[in-house]
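Biologist: I should like to go through this structure term by term. Please set each value against its definition before you conclude.

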Amino acid sequence: MSMDTNFLRAQADRCRSLAENADRFTKRRLLDLAADYDRRLTATGPSAATRVLKVPLDIDDAPKQI
């Protein structure tokens, strides 16, 4: 089950925001956690809906509806 990209992005932003006012040890852990969310975000790649929405350069090369 993959997580929603908006959720992952929001969690990474939240961690960075909390890190701004944290002590040095907690700040490092929060920034590491944000980096982990970023890695998971980039690992998800484009969604199936995004892949479908891409328009071919030549309409004759477009896939036919089944």
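Biologist: Which exposed residues does the face of α2 turned away from its buried side carry?

Modeller: That face carries Arg24, Phe25, Arg29, Thr42 and Ala43. Exposed means over 50% relative accessible area, buried under 20%, and partly exposed in between (1.4 Å probe, protein chains only). This is a predicted model, in which local features need pLDDT of at least 70 and side-chain atom pairs count only at pLDDT 80 or more, while totals for chains, interfaces and linings use all residues. Residues are numbered from 1 along each chain as its sequence is written, and side-chain values use heavy atoms, with hydrogens and water left out.

Biologist: What makes α2 a helix of the expected span?

Modeller: Helices are DSSP runs (H or I, at least four residues), numbered from the N terminus. Helix α2 covers residues 24-44, 21 residues in total. The expected span is 1.5 Å times one less than the number of residues. For α2 this gives 30 Å, and the 31 Å from its first C-alpha to its last is close to that value.

Biologist: Which residues of α2 are buried, and why are they said to line one face?

Modeller: The buried residues are Leu30, Ala34, Tyr37 and Leu41. Seen down the axis of α2, they fall within an arc of 55°, so they line one face of the helix. The arc is that of the directions from the helix axis to the C-beta atoms. These buried residues pack against α1 (5-19), where contact means heavy atoms within 4.5 Å.

Biologist: Why is the pairing of Arg16 and Asp38 called a salt bridge?

Modeller: A salt bridge requires a side-chain nitrogen of Lys or Arg within 4 Å of a carboxyl oxygen of Asp or Glu. The side chains of Arg16 and Asp38 meet at 2.1 Å, N to O, and therefore qualify. Arg16 lies in helix α1 and Asp38 in helix α2, so the pair ties together parts that are 22 residues apart in sequence.

Biologist: How do you know that Asp38 is partly exposed?

Modeller: Its relative accessible area is 27%, so Asp38 falls between the buried and exposed limits. Arg16, at 32%, also counts as partly exposed.

Biologist: What makes Asp36 and Arg39 a salt bridge?

Modeller: Their side chains meet at 3.7 Å, N to O, which satisfies the definition. Both residues lie in helix α2, three residues apart, about one turn of the helix. Elsewhere, salt bridges that share partners join Asp13, Arg16 and Asp38 into one network.

Methods
Helices (H or I, at least four residues) and strands (E, at least two) are DSSP runs, numbered from the N terminus.
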